[in-house]
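User: Please take me through some of the surface and the enclosed spaces of this structure, by way of short questions.

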Amino acid sequence: MSRISNRNMILPKIGQGVGEYNWKDKHSRIIREGIYLGANLIDTAESYDDGNSEKIVEKAIRGIRDKVIIATKFSPENHRKEDVVKSLEKSLKRLNTDYIDIYQLHWPNPDVNIGETLESLVRLKESGKILEIGMSNLRFNKFKEIAESSDIFSFQLEYNLFDRCAEDQILPFCKRRNISFLAYSPLDKGRIVSGKKSLELLTSLAKKYEASLSQIALAWISRHESVITIPKSTNIEHLKSNIKAISLNISEEDMESISLYCKNKLVDISPDDICVTNAGEGSRKTYQTLEEAYENKLNYVPSPLSLSEDITEDDLIKPIRVIKNKNNGSSFKYNLVEGRIRYWAWVMKFGNMPVPCLIRNSVVR
C-alpha cells in the first residue's frame, strides 16, 4: 500500500468517510474508536455540513493526530490559485492541524485552468502544509492527463456493487501508476446491492461466511490492491462490522461469482424519456427546464453550461442515475434521481442523443 510522504504512515485498507451529513459531537467518539481499531484514514471535505464535519474530525483526533491520516477536499468554486490557499487555511483551522495528509480536488471546474489549481497545490506541498495531492470525480481522460504530468497520490470516486464504472479504465490506470483509489459510498448508501439475483447471491454468501451483506460487499470491493474503502458510519457496531470485513477470507471462486452476477450495465436512454424533478437523491433543488439550466440561478459551480464544454460522448465524469417512472399517466419512462447538472450538461452538448444511465430500484432521501 501507499505511504504518506514524510510520515511513517501507510494507508489502511479501510478508512472512515465523514461525508454529507448533519454531524454531532457524539459522532466524534465513534470516529475515534474507528481510529483505534485501524480505520485511521479519515476522509472529509470543506463543503460537508458547511465545514462542521471537519470540526467533528478535529474533536475525534485531539491528542492522537500522529496516528491519523487526514484527507479533505476543496470545492469547485475554490479552484483559483489564491482560493485554494484560502480553503486550505480554513480547513487547517477547523481541523486544528498544521498539515493535511491528502488534499483533494473535490469536483471539476472547467472555468478554471487545471494548471493554475495544480500550481497552487504543488506550492502548498513544497511548503509542507499538504503532504500529498489527490483528485476526485474527474472524467478519466482528464485525470489521466493530470496524473501523467503531475505527482498525484490518490483518486477518489464512487465504487460499489451498483456502480462499477471505475473498473473499465480508472482502476487499471491507478494500479499501473501506483495511485491509491479511494472508494466512496462503497455500500451505496445502505442499499449494498441492486437486483433480486444479486441480493440472493450475497445473502447466500453472508450465510456461508457467517457475515453481513455489508461485510461481503466491502470484502469484495477491497480485493483490488490499490483500493481503500471509506464507508460512512454513525453507529459504533456498524463501524466495527465494517472494519472486520477486511479480514474476511472469501474464496476466489466466490469473489468471481460476485463479479459476474452483481454487475449493472449502462443503459442509453433518450433525454426525452427522462423527467427531471426535485424528488431525487437527497431531494436537492435542480432545474426542470433547459432554459433554467442555462440561467443557472441556483449558482451551481460548475454551471451546466460550463460542464457541457468539458464532457465528451465516451468520457463522462460518472453516469447519471434514473428510476423507472411508475406514473402510468406520465409521458416519461424514467425519473432523474442523481446527476442533475451532468444531465443538463449532456443535453446542452448533445441534444436528444441518448445518455448513458444506471437504473436504480430505490431512492434515498
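User: Is Leu305 buried, partly exposed or exposed?
Analyst: This is a predicted model, in which local features need pLDDT of at least 70, side-chain atom pairs count only at pLDDT 80 or more, and totals for chains, interfaces and linings use all residues. Residues are numbered from 1 along each chain as its sequence is written, and side-chain values use heavy atoms, with hydrogens and water left out. Buried means under 20% relative accessible area, exposed over 50% and partly exposed in between (1.4 Å probe, protein chains only). Because its relative accessibility is 36%, Leu305 counts as partly exposed.

User: Which residues form a nonpolar patch on the surface together with Leu305?
Analyst: Patches are made of residues with over 30% relative accessible area and no salt bridge (a side-chain nitrogen of Lys or Arg within 4 Å of a carboxyl oxygen of Asp or Glu). Nonpolar side chains (Val, Leu, Ile, Met, Phe, Trp, Tyr) are joined within 5 Å, like charges within 9 Å. The accessible area of this patch is about 250 Å² (Shrake-Rupley method, 1.4 Å probe, only the protein chains shown counting as cover for residues). The partners of Leu305 are Leu290 and Tyr294.

User: Which helix gives the most to the lining of the largest cavity?
Analyst: On a 1 Å grid over the protein atoms alone, a cavity is a set of points where a 1.4 Å probe fits but cannot get out, and lining residues have an atom within 4 Å of a point. The largest cavity holds about 70 Å³ of space (grid points are joined across faces, edges and corners, and a volume is the space filled by probe spheres set on the points). Among its lining residues are Arg342, Tyr343, Ala345 and Trp346. With 4 residues, the main contributor is helix 13, residues 340–350 (helices are DSSP runs of H or I, at least four residues, numbered from the N terminus).

User: How many charged residues are in the lining of the second largest cavity?
Analyst: About 30 Å³ of space lies in the second largest cavity, and its lining includes Gln16, Lys232 and Leu239. Ala, Val, Leu, Ile, Met, Phe, Trp, Tyr, Cys and Pro count as nonpolar, Asp, Glu, Lys and Arg as charged, and the others, Gly among them, as polar. The lining has 4 nonpolar and 3 polar residues, and the number of charged residues is 1.

User: Is Ala60 buried or exposed?
Analyst: Ala60 is found in helix 2, residues 52–61. Because its relative accessibility is 1%, Ala60 counts as buried.

Methods:
On a 1 Å grid over the protein atoms alone, a cavity is a set of points where a 1.4 Å probe fits but cannot get out, and a pocket is an open set with protein on both sides within 12 Å along at least five of seven lines; lining residues have an atom within 4 Å of a point. Helices (H or I, at least four residues) and strands (E, at least two) are DSSP runs, numbered from the N terminus.
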